[in-house]
Amino acid sequence: WTLRPGSCAAPLFVQAEDFAHAGKTWTVRKQSTPYAPDSGLKHLAGASGGQGVAWKVVQISKAGRYFVWVRHTVMRGGKIGPFLVSLKQGDKLLAKAAFDTKPPAKPPRYIHRYDFNRFEADLPAGPVRIEITKLPPVHCPGWTRYVDCLALTTDGKYVPKATDFQPKIWL
């Protein structure tokens with residue numbers, strides 16, 4: 001991704017494995033499949049472990065309309081692992097969106113794949129708490145409810161790719 005002259009600032013990128021969580025409701029797991037590489041080779045997993053919330057506070061430098069991209073797994077065979085992403089400042093809910101609530105329109109070629117999906121939020125400047133909450137069913141199959149990363153941007157034309165955030169190797 002290249003910053004265009006006159007465009008917004010670079011996206012605010014957040015690895016899901018950096019979210020705090022209580023107990024074993026969410027866990028950090030290494031990526032183990034070669035056909036669905038992720039942005040940091042780890043992800044936040046929530047297919048088991050009971051009801052729970054994972055959270056991270058980010059600093060929003062400028063108030064405005066943001067496009068919040070969430071990269072997560074989708075599975076073949078109609079299997080889902082629904083979760084909710086909420087943005088809050090203090091006790092005020094700023095925006096929320098549910099993900100993986102129904103099977104993808106185009107099934108993955110293999111067992112699963114990572115998809116980017118987005119929602120919009122009007123965010124104030126300052127600290128914003130991002131929460132990821134499990135939706136029913138709390139326990140779900142296999143590779144569902146694996147969250148890789150989030151990207152927040154004010155550029156409505158930006159569409160993230162995992163390679164935007166992967167470590168670069170220069171030869």
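# Strands, cores and charge pairs

Let's start at a strand end: Met75 sits across from His112 of β9. That pairing belongs to a predicted model, so keep that in mind throughout. Two strands get most of the attention below: β6, with 10 of its 12 residues buried, and β7, where five of seven residues are buried.

**β6 and its partners**

- β6 covers residues 64-75, and with 10 of its 12 residues buried, it is largely enclosed by the rest of the structure.
- On one pairing, β6 runs antiparallel to β9 over 12 bridges; the Met75–His112 match is part of this picture, with His112 in β9.
- β6 also pairs with β11, again in the antiparallel sense, over six bridges.
- Within that β6–β11 pairing, Arg71 has Cys149 of β11 as its bridge partner.

**β7, its hairpin and the open sheet**

- β7 spans residues 83-89 and is mostly covered, as five of its seven residues are buried.
- β8 (residues 92-99) runs antiparallel to β7, and seven bridges hold the two together.
- Look for Leu87 in that pairing: its bridge partner in β8 is Ala95.
- The β7–β8 hairpin has two residues between the strands, and Gly90 there takes a positive phi near 65°.
- β7 pairs with β10 (residues 126-134) too, antiparallel and over six bridges.
- Two matches with β10 are easy to pick out: Val85 is opposite Ile132, and Leu84 has Thr133 as its bridge partner.
- Put together, there's an open sheet of five strands in the order β2-β5-β10-β7-β8, with antiparallel pairing.
- The edges of that sheet are β2 (20-21) and β8, each of which pairs on one side only.

**Nonpolar cores**

- The largest nonpolar core has 27 residues, and the members touching the most others are Val70, Val85, Leu87, Phe119 and Ile132.
- Seven strands, β5 (53-60), β6, β7, β8, β9 (112-123), β10 and β11 (146-153), each put at least two residues into this core.
- β8 gives the largest share, with four residues.
- There is also a second, separate core of seven residues, with Phe67, Trp69, Ala151 and Phe165 among them.
- Leu87 is worth clicking on: beyond its neighbours within four places in sequence, its contacts include Val68, Leu94, Ala95, Phe119, Ala121, Val128 and Ile130.
- Charged residues turn up among the contacts of Leu87 as well, including Lys92 and Arg129.

**Aromatic rings**

- The count of aromatic pairs comes to three.
- In one pair, the ring centres of Trp69 and Phe116 are 6.3 Å apart and the planes are at 85°, so the pair is edge-to-face.
- Trp69 is in β6 and Phe116 is in β9, so this pair ties together parts that are 47 residues apart in sequence.
- Both Trp69 and Phe116 are buried.
- Elsewhere, ring pairs link Phe83, Phe99 and Phe119 into a cluster; Phe119 also appears in the largest core.
- For a charge over a ring, check Lys134, which lies over the face of Trp26 at 5.6 Å from the ring centre.

**Salt bridges**

- Searching the whole structure turns up eight salt bridges.
- One of them brings the side chains of Asp122 and Arg65 together at 2.7 Å, N to O.
- That pair links distant parts of the chain, with Asp122 in β9 and Arg65 in β6, 57 residues apart.
- Neither end is fully covered: Asp122 is partly exposed at 47% relative accessible area, and Arg65 is partly exposed at 39%.
- Asp148 and Arg71 form another salt bridge, their closest N and O atoms 2.6 Å apart.
- This one also links distant parts of the chain: Asp148 is in β11, Arg71 is in β6, and they are 77 residues apart.
- Asp148 and Arg71 are both buried; Arg71 is the residue whose bridge partner in β11 is Cys149.
- Arg113 and Asp115 make a further salt bridge, with closest N and O atoms 2.6 Å apart.
- Here Arg113 is partly exposed, with a relative accessible area of 23%, while Asp115 is buried at 17%.
- Finally, salt bridges with shared partners join Arg65, Arg118, Glu120 and Asp122 into one network.

Technical notes:
Residues numbered from 1 in each chain as written. Predicted model: local features only at pLDDT ≥ 70, side-chain atom pairs only at ≥ 80, totals over all residues. Heavy atoms only, no water. Buried < 20%, exposed > 50% of the residue type's maximum accessible area, 1.4 Å probe, protein only. Pairing = 2+ DSSP bridges. Core = buried A, V, L, I, M, F, W, Y, C linked by side-chain atoms within 4.5 Å. Contact = heavy atoms within 4.5 Å. Phe/Tyr/Trp six-rings, centres within 6.5 Å; stacked < 30°, edge-to-face > 60°. Lys NZ or Arg CZ within 6 Å of the ring centre and 35° of its normal. Salt bridge = Lys/Arg side-chain N within 4 Å of Asp/Glu carboxyl O.
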